[in-house]
Structures are given as C-alpha cells and as structure tokens.
Amino acid sequence: MIGIAGAGKVGAQSALEIASRGLDDIALVDIVPGLAEGEALDISHRLSDAGVDVDVSGSSDFGALRGASLVIIAAGLGRKPGMTRMDLLSKNSGIISSVAKEAAKYAPDSTVLMVTNPMDAMTYVALKATGFPKARVVGQGGVLDNSRFKYVLAKKLGVSRGSITSVVMGEHGENMIPVASHTYVSGVPLTSLLTEEEVQQAIEDTRKVAADVISKKGATIFAPGVSVARMAAAIVNDTKEVLAASAYLEGEYGLNGLCIGVPVRLGRGGIEKVYEIKLSDRERDWFNKGADTLREAISTLAA
Ligand code: NAI
C-alpha cells in the first residue's frame, strides 16, 4: 500500500497518476476533514472506466498510513506568485517534521518520498524526524525539472522530447542544474547543436518555467503528479531506474550532511546507489552554490 500525506493539488494528482497505473492500493491523508475521502472517491470513480481495481481510500487520521511500503509527503504550503521555494522553509519545516513522525510511527519500514518545498531541505527534515536510514528518504525534484528541460530543448531544437537524454540535478530551486554538458539528442551532444548563449538561455528558461506556471494558474499540478508516480513506480516495482533525486550525501561530490539532487538508482529499498558524474566548472559552481543555500537553510532550522 502507498500512503500519501497531503491530499491537496499535488497529493491528489499524484494519487490519480499512481492509481491509473494500477501500481498499488493508496491511502490518502489530509488534515482538512473530508478532503482526502472526497479525492479518493473521485479517483476511484475515474478508475472504473479504465477497469483498474486498486483500492483508493481517504482519511484525516494518520493511522491510515499503517503498513505503507511507501509514504509520499505532499502536505504543506505551496508557492504563491512571486515566491521562491525557499520562502516556504520555516512554515513547512514544522508541518513536515510532524507528518514525517506520523509516517515513521505507522509505517516504520516504509520509504519516504518528499514532495513538499523547499524539497531538498524538507527531505533533510524528514530524514531527521523519521530516524530512517538515508536510503529510505528521497526527494522528488530532478525528474520534474528534467521534464521541463526537455520541453524547453525540444521547442528550441525542433526535435521530439523522446530523443533527448538529460539530467537536472543540484538544488530543486534557484540553483538547479540542467546538466548541458551531459545532454544528448540521440547521441548528438547538445553543445554541438546550440551556441553557448542558447544553452544558457535554455537553462534559464528551465529554471523559471515553474514560477511562470504558478503566476498563470496558481500552482503546478499535472507534471509533478507524473514525476511522483514515476519515482513511486521505480520504488514499488523495484525497477532500478536511475533518476535525479534528492539524497543525503556523505562524501559524494565532496559534500556531507545535506540532501541535494543527484542521479540515484531507485529500487524497493529506496536509494540503492548515488552516481557521481563529472560536471563542467560552471555546473560545479552552481552545484556548490545550491549546497551552500541548503546548508544555510538547514542551519536556520537547527537554530
Ligand atoms: P495544496 O495547498 O493544494 O495542498 C497541500 C495540502 O496539505 C492541503 O490539502 C493541506 O490541508 C495539507 N496539509 C497541511 N498540513 C498538513 C498536515 N499536517 N497533515 C496532512 N496534511 C496537511 O498544495 P499543493 O499545490 O498540493 O503543494 C503541496 C506542496 O508540494 C507544496 O509545498 C509545493 O510547493 C510542493 N510542490 C513540490 C513539487 C516538487 O517537484 N517537489 C512540485 C509542485 C509542488
């Protein structure tokens, strides 16, 4: 069973995507009375047409998470137009700390998949609050950022998104790194297809595109739901898919004691392996800048 804490826009959309794939039964939990039950019913009715028989339930009681193998946390405040993800730090850290403790209480053997922003800092908060081994606390950010990078590149290059191989790592925030030095269009290096200036513009567009959606429709919903479902599938089905995700580092990339986006192999045990890739000097600077931002955020929380 997959538990989802937070049945707001992203939690409910993630539930819909996961249920539509028939991945597992789902228990949605939200503090707003009736909300999780309402979303669960709506999703369940939607499944009839597809002939999918997973059970989707909703509750305002965290006991509903009992026995979950995966707990997705999408509870807490979202960005308003003009806000950065980091602006949510102090409000969401209290919520995530208490929600993560509930997850640990009712689903002690689960893997936690963090969605709430600022996601890397919240992944760290959940790691500490649950006391779980580092492999079992992972954050979703890079998968979504990479969908956006592919969208931007496909438009610029006039190619199918499906022929682009890329990764977006680092902080899921202002310092995210669409790794242009390792981006290919069916083996053709991106750097041979675009000028340095065009690559830089694609990176900037990728960084800004979520804020653009929020300014226009108030929240990002559909793309995050698919990204969460993709990671959930890798964990629940033990697929060993390699995706960028927020992981607690102990020496990798020369960093220690924080969670940040890096390529990882996902399986039933959560993060099975962290991959180190060679970054260009500029990418490395961005990576370190993101790490500095996250270190500072974590120290504020500890104070
Ligand atoms: P939302 O406001 O629609 O939903 C949040 C839900 O959390 C609400 O239903 C609220 O009642 C619930 N909640 C608050 N405190 C709770 C608690 N203690 N226990 C259980 N439920 C609680 O917000 P939305 O749009 O769904 O976004 C959720 C979070 O996901 C935000 O922090 C947002 O920034 C983040 N996000 C992260 C993405 C990522 O790629 N990592 C992508 C999109 C959003």
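Colleague: Which helices each supply at least two residues of the shell around the ligand?

Modeller: Helices are DSSP runs of H or I with at least four residues, numbered from the N terminus, and here helix 1 (9-20) and helix 3 (89-106) each supply at least two residues of that shell. Helix 3 gives the most, with three residues. This is a predicted model, in which local features need pLDDT of at least 70 and side-chain atom pairs count only at pLDDT 80 or more, while totals for chains, interfaces and linings use all residues. Residues are numbered from 1 along each chain as its sequence is written, and side-chain values use heavy atoms, with hydrogens and water left out.

Colleague: Which residues come nearest to the ligand?

Modeller: A residue is near a molecule if one of its heavy atoms lies within 4 Å of it; of the 27 residues around the ligand, Val-10, Asp-30, Leu-77, Val-115 and Gln-140 come nearest.

Colleague: Where are oxygen atoms of the ligand found beside polar atoms of Val-10, Gly-76 and His-172?

Modeller: A polar contact is a pair of N or O atoms within 3.5 Å; within protein, one must be able to donate a hydrogen and the other to accept it, and residues adjacent in sequence count only if both atoms are side-chain atoms. An oxygen atom of the ligand is 2.8 Å from a polar backbone atom of Val-10, and one is 3.1 Å from a polar backbone atom of Gly-76, whereas for His-172 a polar side-chain atom lies 3.4 Å from a ligand oxygen.

Colleague: Is Ala-302 buried or exposed?

Modeller: Buried means under 20% relative accessible area, exposed over 50%, and partly exposed in between (1.4 Å probe, protein chains only); Ala-302, in helix 8 (residues 281-302), counts as exposed because its relative accessibility is 67%.
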